[in-house]
Amino acid sequence: MAAIVKIVAFALLAQLCFSAKWDDSYSDRISQLPGQPQVSFQHYSGYVSVDHKEERERQIERALFYYFVEAETDPASKPLVLWLNGGPGCSSLGVGAFSENGPFRPSGNGLVKNEYSWNREANILYLESPIGVGFSYASNSSSYEGVNDKITALDNLVFLQNWFLKFPQYKDRNLYITGESYAGHYIPQLAELMLQFNKKQKIFNLRGIALGNPVLEFATDFNSRAEFFWSHGLISDTTYAMFTSRCNYSRYVSEYYRDSLSPICSKVMSLVTTETSKFVDKYDVTLDVCISSVLSQSKLLAPQQVTETIDVCVEDETVNYLNRKDVQKALHARLVGLNRWLVCSNILDYELLDLEIPTINVVGRIIEAGIPVLVYSGDQDSVIPLTGSRKLVHRLARLLKLRTTTPYRVWFAGMQVGGWTQVYGNILSFATIRGASHEAPFSQPERSLVLFKAFLQGMPLPQEF
Ligand SMILES: *[C@@H]1O[C@H](CO)[C@@H](O)[C@H](O)[C@H]1NC(C)=O
Ligand SMILES: *[C@@H]1O[C@H](CO)[C@@H](O)[C@H](O)[C@H]1NC(C)=O
């Protein structure tokens, strides 16, 4: 009898260990990244399956790679924040975590600590999405074809559901979604899916979304570029006139992605490209060029620059670091069907015309569901300029009949003006980050952290010096 009990107990234990091995975060814990300074917080990385039943039956495996950084102090009392970079097809690990707001930045043979890491305020989950980006993979490469906004949103939702199986302690935690650029599509679409899902079974404790230099309405966002170039002295008066009346940027991109470039658009863009010069970083018109080559988020957001940008930083430190075998081993990462980890995927075949789907109305529905939204703009970015975002937010506030609760004013960080802000109905906020690029936390880390903290706390941006 005792023997049988023992065997049963052993079997149970074995089962527990087995499931623990798969569902637990334990095996994803990073003991130490090569060259990493000592830190007091835990970090994790690994894969979460997002394949559905029909795919499993056909033995197709699809898995998304994540890097999760717990808060520097008292993680149990801090919210969970999902961070997404754009592209579509660029890596939240390489751009977000290792160049923008993560705890470390590559330097020389190792890593240095980022003093303004966002994990000072929250537990941050960086997700390489969609499939085909960074270390995320599909076992059959046909899965990389025709990936679109819909598939991405659903995969991201399934990812988070399954990630909660590994990290059940975060399931009921206050959840925020943040990101930039094309994440202006990913984030509202994911948030709306969560709200729909919650009606059946409440599992996403969504408390707010923040969108940095986001694509929200393609024509307004893209056509702000002409004025930005012109007012910053990057193009001449005559080119400005042509870029606004003969062929504007949204028309150019539209034609470009339909393989039907008209002679006039070709001509105008050629003038614009020559005058703005390939030696100016379009993601921050005041920054020197080297940095942009790696941080550049998109083939998509600036199609004409892809082939023309001289990549003077080809040996960029993040790319080198993430391609080291010892680093990949420490991250529990694999390269499936690829030789190298890339900042922006070259195997993903994204439905680029989805760019033209407006998401500003999705943002409106999220606000109507009571979820606070922050749109912020690095004010030196010409790719998604602040003027377009500000116009879209203002228009949305009017549509939703939200009155101004904080009139346009400066906010402070580090005893300097951090930017300007305006709030509508205490739920929809707009803020600029002064002197910041498209990747705001990269070029203005302190100001970005102040903004992030205020956003999480639902507090007004510092009004006092
Ligand atoms: C990959 O998927 C395609 C389309 O579903 C299929 O035709 C092909 O046989 C699959 N390849 C492998 C290696 O399973
Ligand atoms: C951009 O060009 C399109 C097509 O010519 C036109 O319909 C649209 O009004 C233009 N937008 C702006 C802001 O000039």
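At what angle do helix H6 and H14 pack, and how far apart are their axes? In this predicted model, helix H6, which spans residues 218–231, packs against H14 at an angle of about 135°, and the two axes lie 7 Å apart. Angles over 145 degrees would count as roughly antiparallel and those from 65 to 115 as roughly perpendicular, with the rest oblique; H6 is therefore oblique to H14. The crossing of H6 with H14 is right-handed. On the H6 side, the contact is formed by Thr220, Asp221, Ser224, Glu227 and Phe228, while H14 contributes Thr387, Gly388, Lys391 and Leu392. By class, the residues of this contact comprise 2 nonpolar, 4 polar and 3 charged.

H14 (residues 386–399) also packs with helix H13 (residues 360–368). Here the angle is about 50°, and the axes are 11 Å apart. This angle makes H13 oblique to H14. The crossing of H13 and H14 is right-handed. In this pair, Ile360, Val363 and Gly364 of H13 meet Leu392, Leu396 and Leu399 of H14. The contact of H13 with H14 consists of 5 nonpolar residues and 1 polar residue, with no charged residues. Leu392 of H14 thus appears in the contact with H13 and also in the contact with H6.

H6 takes part in the surroundings of a ligand as well. Ligand 2 is surrounded by Ala219, Asn223, Thr244, Asn248, Ser250 and Arg251. Two or more residues of this shell come from each of H6 and helix H8 (249–257). In terms of residue class, the shell around ligand 2 contains 1 nonpolar, 4 polar and 1 charged.

These elements belong to a chain of 465 residues that holds 16 helices and 15 strands. Of the residues in the chain, 47% count as buried. Among contacts in the chain with a separation of 6 or more, 71% are between residues 24 or more positions apart.

Conventions
Residues numbered from 1 in each chain as written. Chains lettered and ligands numbered in written order. Predicted model: local features only at pLDDT ≥ 70, side-chain atom pairs only at ≥ 80, totals over all residues. Axes fitted to C-alpha atoms, helices over the stretch in contact; angles between N-to-C directions. Helix = DSSP H or I, 4+ residues; strand = E, 2+ residues; numbered from the N terminus. Parallel < 35°, antiparallel > 145°, perpendicular 65-115°, else oblique. Left-handed = near helix turned anticlockwise from the far one by under 90°. Contact = placed C-beta atoms within 7 Å. Nonpolar A, V, L, I, M, F, W, Y, C, P; charged D, E, K, R; others polar. Near = placed C-beta within 6 Å. Buried ≥ 20, exposed ≤ 12 C-beta atoms within 10 Å, placed from the backbone.
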